[in-house]
Amino acid sequence: MDTRGDNVTLQLNYGTNDGGRRRDAAMARFRAHRFGQFIHWGLYSIPGGRWDGQDIDFAAEFLPRMAKVPPAEWEALAGQFTAEAFDAEAWADTAAAMGAKYMTITTKHHDGFCLWPSAETDFHIGNTPAGRDVLAELIAAYEARGIDVNFYYSVLDWHHPDWRYQLENDDDEAAFARYLDFAMKQLAELAQRYPSVKAFWFDGTWDESVKKNGEWTWQVERMLKDTIPGVIVNSRLRADDHGARHFDSNGELMGDYESGYERRLPEPWDVSVTARDWEACMTISQASWGYHQGDWAADTIKHPLDVVDMIAHCTSLGGNLLLNFGPRGDGSLQPVEQELAARVGDWLTEFGEAIYGCGHAPGWSPQGWGYFTRNDTDGTIFALVTRLPVSGRVRIQLPNGLGLAGLRSLSVSGEPASMRELAESVVELDVSQCSPGPLGFALTTMRLDNRDALREPNPDVLT
Ligand code: JFZ
């Protein structure tokens, strides 16, 4: 035990990584991407939230639990997994059109079904009518478009007989040890079979059984990093010696970035999150990750502007946004999701320079109209106006010493948006004479003129 001031630091064998925040090229690449596509696709995509004619709201991938589906009936879905409309090129085209720079796909969700032909179980895509290596197809298609591919893997496994939620006796301990061995072998398989994967996104690690096995989570991280140099691992994998998760018992982040923001974002003023790398994940409907055919899901689809706002919000706080897609059981994409992707992509095509490679602009507080971001390499500051008052006139307090260098807006027709200086460092953006385009008014970027001092790179985020 060593002491720093009044704080006691526990010696941990399975706590945080040595060296703190990663500054290597692979991590810099992940960070600069800022926007990725999440994909939940598996057997649950076939029933799409409906069992025996009944819609189960909330989460399609939880259907086997919520509808209490007998295990044999769930397994039988594998016989219907044809992937007849699956087209890796179409998925990758959609991601590219949206401006996603990476994609994270469910290799195995909680139901235990594997999207690759695993040697460790029969419950995999090789034993379905699809019978193709969809992960290899996706990697080829996405990487051809310059989009990185990452793997989601659920440690929780409803299908494996040795999975345990708790370890109450010796039999549980023995069974769970076999389970962890199985999962380790599956992960080694994934890393060896698909060596270009850039990151692993772990899930299903919240049960007591996993928390008692912090050493295993530490070994998984080591094994993956030994197998794929530079690979990135999220914090959700990890538990320490005492069962602390995400952050170790000394409060230090485990894994390479924090992955706890789920269907929610940090408050816009919570700059404490800029101390580390992080990624939030978000559904397109209100809640479901897997495809849900119910009206409830269709009725809660987010507006493209909601997504744009979230991308700007995350970037302004030095984080990434992972936006989820739920393809249907046959592999086809939902048109509503394709449409949303196209609209978000329109915005990123125009304003991506204020997102990609950008992060927190230190010192600027949120003012309600949107977000400041800063290019991490050259220090350029951007103001992203995503919210306008009904008057169409918004006042922006510019950061001290900055003047306006340029104003651009998208999806506004009629009179161009105008800008005037009300006072030193206070400008008013006026779109009251404009007509909204399909994305409304709230799509304006200002490029701000920096003082020379502000052009220095952010020392926190450069390699
Ligand atoms: C998990 C999964 O159960 C879900 O199906 C989906 O894959 C999602 C991405 O991850 O759901 C979670 C995990 C963590 C929290 C909430 C839901 N959490 O920390 O609040």
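These are my notebook entries on a predicted model of a protein chain with a ligand.

**Entry 1. The chain overall**

I began with the totals. The protein chain holds 11 helices and 21 strands. I then looked up burial, and 56% of the 463 residues count as buried. For the accessible surface of the protein chain I noted about 18600 Å², with 47% of that belonging to carbon and sulfur atoms. I also checked how contacts are spread along the sequence. Of the contacts in the protein chain between residues at least 6 apart in sequence, 72% join residues at least 24 apart.

**Entry 2. The ligand and its shell**

Which residues are around the ligand? I listed F38, H40, E61, F62, H109, H110, Y152, D203, W206, R236, E262 and W289. By class, I found five nonpolar, three polar and four charged residues in this shell.

I next looked up distances from side chains to ligand oxygen atoms. For E61, an N or O atom of the side chain is 2.7 Å from an oxygen atom of the ligand. For H109, a polar side-chain atom lies 2.7 Å from a ligand oxygen atom. For Y152, the distance from a side-chain N or O atom to an oxygen atom of the ligand is 3.4 Å. On its own the ligand has 450 Å² of accessible area, and the protein covers 73% of this.

**Entry 3. H109**

I returned to H109, which appears in the shell around the ligand. I placed H109 in the loop between strand 6 and helix 5. Is H109 buried or exposed? Its relative accessible area is 4%, under the 20% limit, so H109 is buried. Besides its ligand distance, the side chain of H109 makes a polar contact of 3.0 Å with the side chain of Y152. Leaving out residues up to four places away in sequence, I recorded that H109 touches H40, Y44, E61, Y152, S154, L156 and D203.

**Entry 4. Helix 5**

Helix 5 spans residues 134-144, and I noted its buried residues as V134, L135, L138, I139, A141 and Y142. An α-helix has 3.6 residues a turn, so residues three or four places apart point the same way. I then asked what covers the buried residues of helix 5. The cover includes strand 3 (35-39), helix 4, strand 6 (102-108), strand 7 (148-154) and helix 6 (170-193). Just after helix 5, I found G146 with a positive phi of about 75°.

**Entry 5. Helix 4 against helix 11**

Two packed helices are described by the angle between their axes and the distance between the axes. I looked up both values for helix 4 (residues 88-98) and helix 11 (residues 335-351): the axes come within 6 Å and cross at roughly 35°. Helix 4 contributes T94, A97 and M98 to the contact, and helix 11 contributes Q338, A341, V344, G345 and L348. I counted the residues of this contact by class as five nonpolar, three polar and no charged.

**Entry 6. Positive phi outside glycine**

Most residues other than glycine have a negative phi. I therefore recorded two residues that are not glycine and have a positive phi, given their contrast with that general pattern.

A83 has a positive phi of about 55°. I located A83 in the loop between helix 3 (71-76) and helix 4. With a relative accessibility of 0%, A83 counts as buried.

R263 likewise has a positive phi of about 55°. I located R263 in the loop between strand 9 (232-233) and strand 10 (278-282). R263 is partly exposed, because its relative accessible area is 31%.

**Entry 7. H303**

I found H303 in the loop between helix 9 (295-298) and helix 10 (304-316). At a relative accessible area of 37%, H303 is partly exposed. The side chain of H303 reaches the backbone nitrogen of L305 at 2.9 Å. I also took the C-alpha distance from H303 to S285, which is 9.9 Å across 18 residues in sequence.

**Entry 8. E428**

My last residue was E428, which lies in strand 19 (residues 426-430). Why does E428 count as buried? Its relative accessibility is 3%, and the limit for burial is under 20%, so E428 qualifies. Setting aside neighbours within four places in sequence, I listed the contacts of E428 as R393, V394, R395, S418, M419, R420 and L422.

How values were computed
Residues numbered from 1 in each chain as written. Predicted model: local features only at pLDDT ≥ 70, side-chain atom pairs only at ≥ 80, totals over all residues. Heavy atoms only, no water. Near = heavy atom within 4 Å. Polar contact = N/O pair within 3.5 Å; in protein donor to acceptor, adjacent residues only side chain to side chain. Areas by Shrake-Rupley, 256 points an atom, 1.4 Å probe, with all protein chains shown as cover. Nonpolar A, V, L, I, M, F, W, Y, C, P; charged D, E, K, R; others polar. Axes fitted to C-alpha atoms, helices over the stretch in contact; angles between N-to-C directions. Helix = DSSP H or I, 4+ residues; strand = E, 2+ residues; numbered from the N terminus. Contact = heavy atoms within 4.5 Å. Buried < 20%, exposed > 50% of the residue type's maximum accessible area, 1.4 Å probe, protein only.
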